[in-house]
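Please find below a short note on this structure, set out as numbered points. It is meant to be read with the structure open alongside.

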Amino acid sequence: RNSAAGDVVKANAPFDEPRRDPIMQAMSEDHSPKRERPWKRFRHWLARTWAAYAFAAGAIHVVGRLPLRLARALGRLGGRLAYHLDLGHRRRALENLALVFPGKSAAERRALLRASYVHLGICCAEFCQFTRLRPADLSGWIVDEDGSLERLRRVLDEGRGVIAVTGHMGWWLLCCQALPALGFPLLSVARRLGAPRINDLA
């Protein structure tokens, strides 16, 4: 009892439970390291073998010498196949899309994920073309929509440095190839791949 106001406060007064955001709830779940499944351990072992290196190097060599249009068509096909075969990542991605886009139907989320796989396949095919990409070819690859390259050149001419922060979306990796080809010095920070031989291909 509050003697000043004469009010009685119940010790066990009920409180409404705040609604938890589904994305925050998923992020707060226990993500402690778990024992890898045998198939996943086998995949990690396989990626470190000479067979995986030979396959990756051969694919980069062959696709890198195809006409760009044909290489992109092959990438689209590879992306569609990956969508149907990569069951584990597809299931996880659909769960994430359901959290981010609860208002979209299941068919819409599947279409979005399928398009992402196709885009990734195209990016992989274009990555193989980097081995023979010349500065003169960049006009067909990138578009300077807002004069960013000119502003970047002006800042560097003034003797100042530039820190570029980009989202991991779209074909962001092309920046790492295009900027040095256009004469801009570039230093990138990246994590090495778990497969040393394949990492050296990059």
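**Notes on the predicted model**

1. The model discussed here is predicted. A convenient starting place is the end of helix 8, where Gly183, just after the helix, takes a positive phi of about 95 degrees.

2. Helix 8 itself spans residues 174-181, and its buried residues are Leu174, Ala178 and Leu179. Viewed down the axis of helix 8, these buried residues fall within an arc of 110 degrees, so they line one face of the helix. As background, an α-helix has 3.6 residues a turn, so residues three or four places apart point the same way. The cover over the buried residues of helix 8 includes helix 7, residues 148-157.

3. Which residues make up the largest nonpolar core? This core has 6 residues, and two of them, Leu174 and Ala178, were met above in helix 8. The others are Phe130, Leu133, Leu138 and Trp141. Leu133 deserves a separate look: leaving aside its neighbours within four places in sequence, Leu133 is in contact with Leu138, Trp141, Leu174 and Gln177. Of these partners, Leu138, Trp141 and Leu174 belong to the core as well.

4. Nonpolar side chains also occur on the surface. Leu74, Leu77, Leu81 and Leu85 form a nonpolar patch there, with about 400 Å² of accessible area together. One of them, Leu81, is placed in helix 4, which covers residues 68-85. Is Leu81 buried or partly exposed? With a relative accessible area of 48%, Leu81 is partly exposed, because partly exposed residues lie between the limits of 20% and 50%.

5. The count of salt bridges comes to 4. Among them is the pair Glu150 and Arg153, whose side chains meet at 3.7 Å, N to O. Both residues lie in helix 7, 3 residues apart, about one turn of the helix. Glu150 is partly exposed, with a relative accessible area of 45%, and Arg153 is likewise partly exposed, at 33%.

6. Another salt bridge joins Arg151 to Asp146, with the closest N and O atoms 3.9 Å apart. This pair counts as a salt bridge because the cut-off is 4 Å. Arg151 is partly exposed, with a relative accessible area of 39%.

7. What is the N to O distance in the salt bridge between Glu158 and Arg160? The side chains of Glu158 and Arg160 meet at 2.8 Å.

Terms used:
Residues numbered from 1 in each chain as written. Predicted model: local features only at pLDDT ≥ 70, side-chain atom pairs only at ≥ 80, totals over all residues. Heavy atoms only, no water. Buried < 20%, exposed > 50% of the residue type's maximum accessible area, 1.4 Å probe, protein only. Helix = DSSP H or I, 4+ residues; strand = E, 2+ residues; numbered from the N terminus. Arc of directions from axis to C-beta. Contact = heavy atoms within 4.5 Å. Core = buried A, V, L, I, M, F, W, Y, C linked by side-chain atoms within 4.5 Å. Patch = residues over 30% accessible without salt bridge, like charges linked within 9 Å, V, L, I, M, F, W, Y side chains within 5 Å. Areas by Shrake-Rupley, 256 points an atom, 1.4 Å probe, with all protein chains shown as cover.
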